[in-house]
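Please look at the sequence and the model below, and keep both in view as you read. The paragraphs that follow start from a single residue and then widen to the elements around it.

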Amino acid sequence: MRLTTKGRFAVTAMIDLALRETHGPVTLAGISQRQKISLSYLEQLFGKLRRFNIVESTRGPGGGYTLARPSSEVSVADIIVAVDEPLDATQCGGKGNCHTDEENHGRCMTHDLWSNLNSKMVEYLSSVSLKDLVQQQEGRGIVIQDMRQKKIKVESTKADKPAPALAAKKEPPPKAPLINSVFNLARQS
């Protein structure tokens, strides 16, 4: 049993989202750039995550995705199941029909081994929350900066201090009315 890129990308994207959502909705384009994951692939994954009520979307300017519930309530197993990632090490998909002969009752000799492994994997992935993974990243020294806040501060600073060239610039004198203007002709009549 292997976790495919679908599950890996979904968990990675969710960590990225959870790290940044305190600054507002997170765009898939931003996640795509930072994590080197195709934007169209992320759109597919987040559509599934939204249907499982793991993320919420906000449309329009400043829109993006946020968590639908606290990160402590989202497990890695929730994310993997939402994106249709199979967590099954058995050959039969857990059905117990590995063999069709009556002698073995349809099960292969290692069915119980792989079935128990499945249970342990699901148990472990259910015990790891998104919050745990975020704290792990923060412990590694990952610093998240909100670019939107910086942009707002820069704009407000510009508005507070007029540029010297603009402050010294005087208003141009009003232009003389055009003689052939329809409005001026009406006034002259």
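N53 is found in the loop between α3 and β1, where helices (H or I, at least four residues) and strands (E, at least two) are DSSP runs, numbered from the N terminus. This is a predicted model, in which local features need pLDDT of at least 70 and side-chain atom pairs count only at pLDDT 80 or more, while totals for chains, interfaces and linings use all residues. Residues are numbered from 1 along each chain as its sequence is written, and side-chain values use heavy atoms, with hydrogens and water left out.

Is N53 buried, exposed or in between? With a relative accessible area of 44%, N53 is partly exposed, given that buried means under 20% relative accessible area, exposed over 50%, and partly exposed in between, for a 1.4 Å probe and protein chains only. Just after α3, N53 takes a positive phi of about 60 degrees. Not counting residues up to four places away in sequence, N53 touches A68 and R69, a contact being heavy atoms within 4.5 Å. N53 and A82 are 29 residues apart in sequence, yet their C-alpha atoms are 9.1 Å apart in space.

On one side of this loop lies α3, whose 13 residues should span 18 Å at 1.5 Å a residue, and since its end C-alpha atoms are 18 Å apart, the two values agree; the expected span is 1.5 Å times one less than the number of residues. The buried residues of α3 are L42, L45, F46, G47 and L49, and they pack against α1, α2, β1, β2 and α4. An α-helix has 3.6 residues a turn, so residues three or four places apart point the same way.

On the other side of the loop, strand β1 (residues 55–58) runs antiparallel to strand β2 (residues 64–67), and 4 bridges join them, where two strands pair if DSSP finds at least two bridges between them. Within this pairing, E56 has T66 in β2 as its bridge partner. The two strands form a hairpin with 5 residues between them, and G60 in the turn has a positive phi of about 90 degrees.

Helix α1 (residues 5–20) is another element to follow, with 16 residues and a reach of 22 Å from its first C-alpha to its last, close to the 22 Å expected. Its buried residues include A10, M14, I15 and L19, and the buried residues of α1 pack against α2 (28–35), α3 (39–51), β1, β2, α4 (76–82) and α6 (130–139). Helix α6 holds Q137, which is buried, with a relative accessible area of 16%. Leaving aside its neighbours within four places in sequence, Q137 is in contact with I15, L19 and I142.

At the surface, look for L117 in helix α5 (residues 111–127), a residue that is partly exposed, with a relative accessible area of 34%. Together L113, W114 and L117 form a nonpolar patch with about 260 Å² of accessible area.

Stepping back to the whole protein, there are 9 helices and 2 strands, which run α-α-α-β-β-α-α-α-α-α-α from the N terminus on. Buried residues make up 32% of the 189 residues, and, among contacts with a separation of 6 or more, 63% are between residues 24 or more positions apart.

Conventions:
Patches are made of residues with over 30% relative accessible area and no salt bridge: like charges are joined within 9 Å, nonpolar side chains (Val, Leu, Ile, Met, Phe, Trp, Tyr) within 5 Å. Accessible areas come from the Shrake-Rupley method with a 1.4 Å probe; for residues, only the protein chains shown count as cover. A salt bridge is a side-chain nitrogen of Lys or Arg within 4 Å of a carboxyl oxygen of Asp or Glu.
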